[in-house]
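Please open the structure in a viewer and keep the selection tool at hand. The tour below proceeds stop by stop.

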Amino acid sequence: MSRILAALTLFATLLLSGCGYNTLQSQDEAIKSAWAEVLNQYQRRADLVPNLVSTVKGFAEQEKDVLLGVTEARSKVGGINATPELLNDPAAFKKFTEAQGELSGALSRLLVVTENYPQLKSDGLFRDLQAQLEGTENRITVARKRYIDSVAAYNITVRSFPSNLTAMVTGAKTKPSFEVENEKAISSAPKVDFNAPAPAAPAPAPAPVP
């Protein structure tokens, strides 16, 4: 009996290996690794927000709505528990990406506002935060692209024959990725070049002719 069980186990192992089981496992690990890096870079950005808001507030406290928007967007991001299970829940994944997109938009609006404050732009701490934010946004883009590629490879394996049979047996399903609409919204890093000259003030209207 034990020999029969061993033979069946060996047969099942060979069958699964030949039908993409090992590929699914390795690709799943690649997704987890890529996702961990995405989260790491998003967290790096979130960690910059308090200092960035505090620095801007010191020079532009009157921009309360913009500052509040950034703070609330960061709070919303922090309220989402990005567990590994999130990768198997398209609705939760979409909620997470939308929250990150809102933070990207809020940061972009904040950086646009800072153009009106030359003293802020020349502040050493702010310029350091500027460089850190720019580098983080670039790393987010790279990490997100790696995740997208990893998910694409995995989803192809899940859908393709004969590995799709193995996926059915093991319960493996396609995983969500960044959608086109929110990818467009968050794929561009906020503009953080504060060296550009401020736009010239409009010329005064000519005096009426008596």
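With which side chain does the side chain of Lys175 make a polar contact? Select Lys175 and Asn88: in this predicted model, their side chains make a polar contact of 2.7 Å.

**The whole chain**

Before going further, display the entire chain. It has eight helices and zero strands, so the elements read α-α-α-α-α-α-α-α from the N terminus on, by the assignment of helices and strands as DSSP runs. Buried residues make up 36% of the 210 residues. The accessible surface comes to about 12600 Å², and 59% of that surface belongs to carbon and sulfur atoms. Among contacts between residues at least 6 apart in sequence, 80% join residues at least 24 apart.

**Around Lys175**

Return to Lys175, which is found in the loop between helix 7 (163-170) and helix 8 (180-186). Is Lys175 buried or exposed? Its relative accessible area is 10%, so Lys175 is buried, the limit being under 20%. Now select the residues in contact with Lys175, leaving aside its neighbours within four places in sequence: Asp28, Ile31, Leu87, Asn88, Val151, Tyr154 and Asn155.

Asp28, one of these contacts of Lys175, is the next selection. At 15% relative accessibility, Asp28 counts as buried. Its side chain meets that of Lys32 in a salt bridge (3.5 Å, N to O). Both residues lie in helix 2, four residues apart, about one turn of the helix. An α-helix has 3.6 residues a turn, so residues three or four places apart point the same way. Lys32, by contrast with a buried residue, is partly exposed, with a relative accessible area of 42%.

**Along helix 2**

Select helix 2 as a whole, residues 21-59. At 1.5 Å a residue, its 39 residues should span 57 Å, and the end C-alpha atoms are 58 Å apart, which agrees. Look next at Val49, where a kink of about 30° lies shortly before the proline Pro50.

**Salt bridges between helices**

The structure holds seven salt bridges. In one of them, the side chains of Glu137 and Arg45 meet (3.0 Å, N to O). This pair links distant parts of the chain, with Glu137 in helix 6 and Arg45 in helix 2, 92 residues apart. Glu137 counts as buried at 2% relative accessibility, and Arg45 counts as buried at 1%.

Select Lys76 and Glu102 next; their closest N and O atoms are 3.0 Å apart in a salt bridge. Lys76 lies in helix 3 (residues 64-78) and Glu102 in helix 4, so the pair ties together parts that are 26 residues apart in sequence. Lys76 counts as partly exposed at 41% relative accessibility, and Glu102 counts as partly exposed at 37%. Elsewhere, salt bridges that share partners join Asp28, Glu29, Lys32 and Lys175 into one network.

**Helix 4 and its cap**

Which residue caps the N-terminal end of helix 4? Select Asp89: a side-chain oxygen of this capping residue lies 3.1 Å from the backbone nitrogen of Ala91. Helix 4 itself comprises residues 90-113, and its end C-alpha atoms are 35 Å apart, in agreement with the 34 Å expected for 24 residues at 1.5 Å a residue.

**Two loop positions**

Select Pro162, located in the loop between helix 6 (124-159) and helix 7. The peptide bond from Phe161 to Pro162 is cis, with omega near 5°.

Finish at Gly171, in the loop between helix 7 and helix 8. Gly171 counts as partly exposed at 47% relative accessibility. The C-alpha atoms of Gly171 and Val158 are separated by 10.0 Å, and the two residues are 13 apart along the chain.

Notes: Residues are numbered from 1 along each chain as its sequence is written. This is a predicted model: local features need pLDDT of at least 70, side-chain atom pairs count only at pLDDT 80 or more; totals for chains, interfaces and linings use all residues. Side-chain values use heavy atoms; hydrogens and water are left out. Buried means under 20% relative accessible area, exposed over 50%, partly exposed in between (1.4 Å probe, protein chains only). Contact means heavy atoms within 4.5 Å. Accessible areas come from the Shrake-Rupley method with a 1.4 Å probe; for residues, only the protein chains shown count as cover. A polar contact is a pair of N or O atoms within 3.5 Å; within protein, one must be able to donate a hydrogen and the other to accept it, and residues adjacent in sequence count only if both atoms are side-chain atoms. The expected span of a helix is 1.5 Å times one less than its number of residues. The bend at a residue is the angle between axes fitted to the seven residues ending there and the seven starting there. A salt bridge is a side-chain nitrogen of Lys or Arg within 4 Å of a carboxyl oxygen of Asp or Glu.
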